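Here's a walk through the fold, one piece at a time. Have the viewer open and follow along.

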Amino acid sequence: MEPRLKIASSPSLRELVAARMREEIVSGRFAPGSRLIERELCELMGVSRTSIREALRELEAEGLVTVVPNKGPIVSIVSIETAEGVYQVRVVLEGLAARLFARRASDEQIAALEQAVDALEQVYLNYSPGPFLAAKTHFYDILLEGAGNETATSMLRTIHTRVSQLRATSLANPERAKSSIKEIRTFLKALKRRDEDAAWQACVTHIENAAEAALAMLRRQPAAD
């Protein structure tokens, strides 16, 4: 057991438990298909069964957890078909966000996004799931705030959570990590020029390449029972 998983009582304990479990899932520590046994999670995280159950319900709604009859909750297994669907929706919504950010973002938001990309590059160079997830989340917080479309933001939050499961392994490949940050730099340049078409194209290219890497990873994995 890892002491770092222990969580102290807090007014937002459910959110803290869900966030910690989410991080463990997207990092691969809780592998796809593995059972999530309440008693073990309580011991691991130092919280009550009520908190664990509430967190599991939240993660189930996000698609990270699946409840299997006669087996209980497991970490969701992302099929090739599901992954393809996730990336198809992501490219449409994120492409829209790219156009809207180029059109609507303030100069301050563009500067903040550039700083977020600088920070993101550092974690790309020294990949670790936790810091990467935090840096990527910060990048998207700025992008989606500047885009100013609450509906797209809500939908993309869910999409990005599912994508995070696939991203961890694909970015462990140094070549993909190097290509990815280069693509994001191209995207940033288009946004700074406020070139909507170029921003959309750079965004779409990045997501299509990410999808190709993630799907290749899935195809190499053995079929689930």
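How are α5 and α6 oriented relative to each other? This is a predicted model, and in it the axes of α5, residues 107-125, and α6, residues 129-147, cross at roughly 160°. An angle over 145 degrees counts as roughly antiparallel, and therefore the α5 and α6 pair is described as roughly antiparallel. Angle is just half of the description, though: two packed helices are described by the angle between their axes and by the distance between the axes. For α5 and α6, the axes come within 9 Å. The handedness of this crossing is left-handed.

Now zoom in on who touches whom. On the α5 side, the contact is made by Q109, A112, L113, A116, V117, L120, V123 and Y124. Facing them from α6 are P131, F132, A135, K136, H138, F139, I142, L143, E145 and G146. Sort that contact by class and you get 13 nonpolar residues, 3 polar ones and 2 charged ones.

Next, try α4 (residues 80-104) against α9. Here the axes come within 8 Å, and the crossing angle is again put at roughly 160°. That value makes α4 roughly antiparallel to α9, because the cut-off for that label is anything over 145 degrees. The crossing of α4 and α9 is right-handed, whereas the one between α5 and α6 is left-handed. The class breakdown for α4 with α9 reads 16 nonpolar, 2 polar and 8 charged residues.

For another kind of geometry, look at α2 and α3. Helix α2 covers residues 38-45 and helix α3 covers residues 49-62; their axes come within 9 Å and cross at roughly 110°. An angle of 65 to 115 degrees counts as roughly perpendicular, so α2 is roughly perpendicular to α3. From α2, the contact uses E38, R39, L41, C42 and M45, and from α3 it uses R49, I52, R53 and L56. By class that comes to 5 nonpolar residues and 4 charged ones, with no polar residues.

Leaving the helices for a moment, find the strands. Strand β1 spans residues 65-68 and strand β2 spans residues 72-75, and the two pair in the antiparallel sense over 4 bridges. To pin down the register, take V67: its bridge partner in β2 is P73. Together β1 and β2 form a hairpin, with 3 residues between the strands.

What is the phi of N70, in the turn of that hairpin? It sits at about 65°, a positive value. Most residues other than glycine have a negative phi, and N70 is a residue other than glycine with phi on the positive side. As for its surroundings, N70 is found in the loop between β1 and β2. Its relative accessibility is 88%, which means N70 counts as exposed.

There's another positive phi to check, at R194. Its phi is near 60°, and R194 is also a residue other than glycine. You'll find R194 in the loop between α8 (174-192) and α9 (196-220). Is R194 buried or exposed? Neither label fits: with 33% relative accessibility, R194 counts as partly exposed.

Finally, a few pairs give a sense of how sequence separation compares with separation in space. R20 is found in helix α1, residues 13-26, and it is partly exposed at 23% relative accessibility. Its C-alpha is separated by 10.0 Å from that of G130, although the two are 110 residues apart along the chain. E150 lies in helix α7, residues 150-170, and counts as exposed at 72%. Measuring from C-alpha to C-alpha, E150 and V91 are 17 Å apart in space and 59 residues apart in sequence. Last comes T186, found in helix α8 and partly exposed at 44% relative accessibility. Between T186 and F30 there are 34 Å in space, C-alpha to C-alpha, and the two are 156 residues apart in sequence.

Technical notes: Residues are numbered from 1 along each chain as its sequence is written. This is a predicted model: local features need pLDDT of at least 70, side-chain atom pairs count only at pLDDT 80 or more; totals for chains, interfaces and linings use all residues. Side-chain values use heavy atoms; hydrogens and water are left out. Two strands pair if DSSP finds at least two bridges between them. Axes are lines fitted to C-alpha atoms, for helices over the stretch in contact, and angles run from 0 to 180 degrees between N-to-C directions. Angles under 35 degrees count as roughly parallel, over 145 as roughly antiparallel, 65 to 115 as roughly perpendicular and the rest as oblique. A crossing is left-handed if the near helix is turned anticlockwise from the far one by less than a right angle, and right-handed if clockwise. Contact means heavy atoms within 4.5 Å. Ala, Val, Leu, Ile, Met, Phe, Trp, Tyr, Cys and Pro count as nonpolar, Asp, Glu, Lys and Arg as charged, and the others, Gly among them, as polar. Buried means under 20% relative accessible area, exposed over 50%, partly exposed in between (1.4 Å probe, protein chains only).
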